[in-house]
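Q: Please take a close look at the cysteines here. Cover the disulfides one by one, then the aromatic contacts around them.

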Amino acid sequence: MAKPRESGTAIASYVLLFVCLIQMQCDFPVFAMLDPLDFLALQSVRKALQDMPGSNFFDSWDFTSDPCNFAGVYCDSDKVVALNLGDPRAGSPGLTGRLDPAIGKLTALAEFTVVSGRIYGSLPQSLTNLKNLRFLGVSRNFISGEIPAHLGRLRNLRTLDLSYNQLTGHIPPSIGALPELNNLILCHNHLSGSVPSFASPTLTRLDLKHNTLTGSLAPNSLPPSLQYLSLSWNNLTGPVDRLLNRMNQLNYLDLSLNQFTGNIPARIFSFPLTNLQLERNQFSGPVQPLDQVSIPTVDLSHNSFSGQISPLFSTVENLYLNNNRFTGRVPSNFVDRLLAARIQILYLQHNYLTGIEISPTAEIPVSSSLCLQYNCMVPPIQTPCPFRSGKQITRPTAQCNEWRG
């Protein structure tokens, strides 16, 4: 790696500092000595970045004083161990410029983060020199290019957050091979290709939503340690029932807006989930939970699920079953909970349902929403439906007869 080019003045100043400390004849303030390579690396980092209008992050970066007192710089002895670039306060202006390859010379660095801003260009390949790095977060900027495959050499890396950038190319399999990875957040980029298999037994968060990923997921490709999984807004295909059966620690699951197929396992509704989003896929078959569902929000809309609606779903606060192929009557316990304001959203439109036991004079609580239109029945009660539900109240008789037949 080429050495960072420093002005003669900067280097001379640093040499002078060494000399004066040795001779104990300094006529300016003396600070704890930082490793020379770290000192020069910080200078290079500073030269490649600027404060955006309204930001004063770099005001404290005065290289005639102790760099370990700079904003965002944290030292242990004579080495920089953490570098947090930019003001972390929400809504504050960030930085602009590029990430200088000299960052790779901060060999003791365990944490490197950049707050939201307008930093552009690619990730420096020199990041792979940071063997002690545990946390790498460069999100909400304009980083482009591919994810360096050599990041897989950072065997101590636990969190990698490159979300909300303009990254392209594949997710390197070497990232999936990281042995201690806990969090991988690559959402809102332009990544393509398949989802790699992950080896870390402690991976708890995987967020790859809003990319252009393709292919299917092998049953053993994701570890059962996952608690948060979001793969929405991609082009992923194939069944996931065997994969999901293993993931009983999930508390958030979003597979929406893909092309997944097949059944979903009944036991998924017994997982400690707070949010289950499977909408806008090609899932099919019956949906029969094993026990009363306690997940607050369940969205199975815009699929090809069929069969009767299980009464075990009546305890869901926000239930989206619309745009499927459900048949039969709506279980009576749904009506009881709806009128008691225990259900906030119950969307059943665009199915093949044949009835619901609700009085035409019943008053739906203001806090609740019910939509029944476009089924094989005349809704006994008129309620406002989402605009996209269309204007037809009842499904054509021919379609209902064909589905029954």
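A: What follows goes through the disulfides, then the ring contacts. The model is predicted.

Start with the count. There are three disulfides. They are taken here in sequence order.

The opening link joins cysteine 68 to cysteine 75. Its sulfur atoms are 2.1 Å apart, S to S. The torsion about this S-S bond is about -95 degrees, so the disulfide is left-handed. How exposed is cysteine 68? Cysteine 68 has a relative accessible area of 22%, and it is partly exposed. Its partner, cysteine 75, has a relative accessible area of 26% and is also partly exposed. Buried would require under 20%.

Now the setting. A UniProt record, from an unreviewed entry, places the feature "domain: Leucine-rich repeat-containing N-terminal plant-type" at residues 38–76. Over residues 38–76 the chain is 28% helix and 18% strand. The end C-alpha atoms of that stretch are 12 Å apart. An aromatic cluster is also on the list. Ring pairs link Phe39, Phe57, Phe58, Trp61, Phe63 and Phe70 into it.

Move on to cysteine 371 and cysteine 385. They form a disulfide, with sulfur atoms 2.0 Å apart. The angle about the S-S bond is 110 degrees, and this link is right-handed. Cysteine 371 lies in strand 27, residues 369–371. Cysteine 385 lies in the loop between strand 27 and helix 6, the helix at 397–404. The pair therefore ties together parts that are 14 residues apart in sequence. Is each end buried or partly exposed? Cysteine 371 counts as buried, at 0% relative accessibility. Cysteine 385 counts as partly exposed, at 24%.

The remaining disulfide is formed by cysteine 376 and cysteine 400. Here the sulfur atoms are 2.0 Å apart. With -100 degrees about the S-S bond, this link is left-handed. Where do its ends sit? Cysteine 376 is in the loop between strand 27 and helix 6, and cysteine 400 is in helix 6, so the pair ties together parts that are 24 residues apart in sequence. Cysteine 376 and cysteine 400 are both buried.

Put these two links side by side. The loop between strand 27 and helix 6 holds cysteine 385. That loop also holds cysteine 376. One link runs from the loop to strand 27. The other runs from the loop to helix 6.

One more cysteine deserves a note. Cysteine 187 is buried, with a relative accessible area of 3%.

Next, the rings. The structure holds twelve aromatic pairs. In one of them, the rings of tyrosine 320 and tyrosine 347 have their centres 5.5 Å apart. Their planes stand at 85 degrees, so the pair is edge-to-face. Tyrosine 320 belongs to strand 23, residues 318–320. Tyrosine 347 belongs to strand 25, residues 345–347. The two are 27 residues apart, and the pair links distant parts of the chain. Tyrosine 320 and tyrosine 347 are both buried.

Finally, charges over rings. Arginine 140 lies over the face of tyrosine 164, at 3.8 Å from the ring centre. Arginine 395 lies over the face of tyrosine 352, at 4.0 Å from the ring centre.

In short, the link of cysteine 371 and cysteine 385 is right-handed. The link of cysteine 68 and cysteine 75 is left-handed. The link of cysteine 376 and cysteine 400 is left-handed as well.

Definitions and conventions
Residues are numbered from 1 along each chain as its sequence is written. This is a predicted model: local features need pLDDT of at least 70, side-chain atom pairs count only at pLDDT 80 or more; totals for chains, interfaces and linings use all residues. Side-chain values use heavy atoms; hydrogens and water are left out. UniProt positions are given in the numbering used here, feature names are shortened, and annotations may be inferred rather than shown by experiment. Helices (H or I, at least four residues) and strands (E, at least two) are DSSP runs, numbered from the N terminus. A disulfide is a pair of cysteine sulfur atoms within 2.5 Å. Buried means under 20% relative accessible area, exposed over 50%, partly exposed in between (1.4 Å probe, protein chains only). Rings of Phe, Tyr and Trp (its six-membered ring) pair if their centres lie within 6.5 Å; planes under 30 degrees apart count as stacked, over 60 as edge-to-face and the rest as tilted. A charge sits over a ring if NZ of Lys or CZ of Arg is within 6 Å of the ring centre and within 35 degrees of the ring normal.
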